[in-house]
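Student: I have a chain to go through. Could we take its packing and its sheet in turn?

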Amino acid sequence: MIIEKLVGNIHEDGSGLLDGRHHEKVILPSADLVKRIQRVSTDHGRELGLRLAPGPDLRDGDILLITDSELITVSVLPTDVLVIAPESIFDMGFIAHSLGNRHLQAQFFDRESEYGAEVMVVQYDHTVEDFLKHHHARYERQERIMPVPFRHAEHTH
């Protein structure tokens, strides 16, 4: 079966969608959320092809298929990340400049986010952790389901 269109997202409009339906999940690492064409399997062993038109990246909870009797959704694996919460604007500038020179993929969240603070989140890397320890930066290593996949910032030098 080939899926060419997302039907919705169970986290946004999921009330009652599970009622009476067999639910299967396609479990993906965050990096695979950017792939528009891929072969995947559900947690029940059913193979599917994804051939999605250009558009937003896949997200946790996206509905790939819904019928009267079944539902197939995307489930994202947690990502090993470093959540960096600088204590001052000076720390933020120093850390962002230093890590920016490494061309790391990063995501930023504000106080209203699930983090409850202004933070920068990067994928775990032991050299980044060593840098943060060496400079006494406030950070925490966590396993997180990221709302969107990490992407390189688009720019030119």
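Student: Which residues in α2 meet which residues in α3?

Tutor: This is a predicted model. Take the two sides of the contact in turn. From α3 come V128, F131 and L132. They are met in α2 by F94, I95, S98 and L99.

Student: By class, how many residues in the contact of α2 with α3 are nonpolar, polar and charged?

Tutor: Start from the side chains named above. S98 belongs to the α2 side of the contact, and Ser falls outside the nonpolar and charged lists, so Ser counts as polar. For the contact of α2 with α3, the tally by class is no charged residues, one polar and six nonpolar.

Student: Is α2 roughly parallel or antiparallel to α3?

Tutor: Helix α2 spans residues 89-100 and helix α3 spans residues 126-134. Their axes lie 12 Å apart, at an angle of about 150°. Angles over 145 degrees count as roughly antiparallel. Therefore α2 is, relative to α3, roughly antiparallel.

Student: What is the handedness of the crossing where α2 passes α3?

Tutor: The angle of about 150° does not settle this by itself. Handedness depends on whether the near helix is turned clockwise or anticlockwise from the far one. For α2 passing α3, the crossing is right-handed.

Student: Now the open sheet of three strands. What is its order?

Tutor: Work from the pairings. β1 pairs with β5 in the parallel sense, over two bridges. β4 pairs with β5 in the antiparallel sense, over five bridges. The pairing is mixed, and the order is β1-β5-β4.

Student: Which strands stand at the edges?

Tutor: An edge strand here has a single partner strand, so one side is left without a neighbour in the sheet. That holds for β1 (2-3) and β4 (37-41).

Student: Which residue in β5 is the bridge partner of Q38?

Tutor: Strand β5 covers residues 47-51. I37 stands opposite R51 in this strand. On the β1 side, I2 stands opposite G49. For Q38, the bridge partner in β5 is L50.

Student: Which residue in the turn of the β4 and β5 hairpin has a positive phi?

Tutor: Five residues lie between the two strands of the hairpin. The phi in question is about 90°. The residue is G45.

Student: What percentage of the residues of the chain count as buried?

Tutor: The chain has eleven strands and three helices. It is 157 residues in length. Buried means under 20% relative accessible area. By that cut-off, the buried share is 38%.

Conventions. Residues numbered from 1 in each chain as written. Predicted model: local features only at pLDDT ≥ 70, side-chain atom pairs only at ≥ 80, totals over all residues. Heavy atoms only, no water. Axes fitted to C-alpha atoms, helices over the stretch in contact; angles between N-to-C directions. Helix = DSSP H or I, 4+ residues; strand = E, 2+ residues; numbered from the N terminus. Parallel < 35°, antiparallel > 145°, perpendicular 65-115°, else oblique. Contact = heavy atoms within 4.5 Å. Pairing = 2+ DSSP bridges. Buried < 20%, exposed > 50% of the residue type's maximum accessible area, 1.4 Å probe, protein only.
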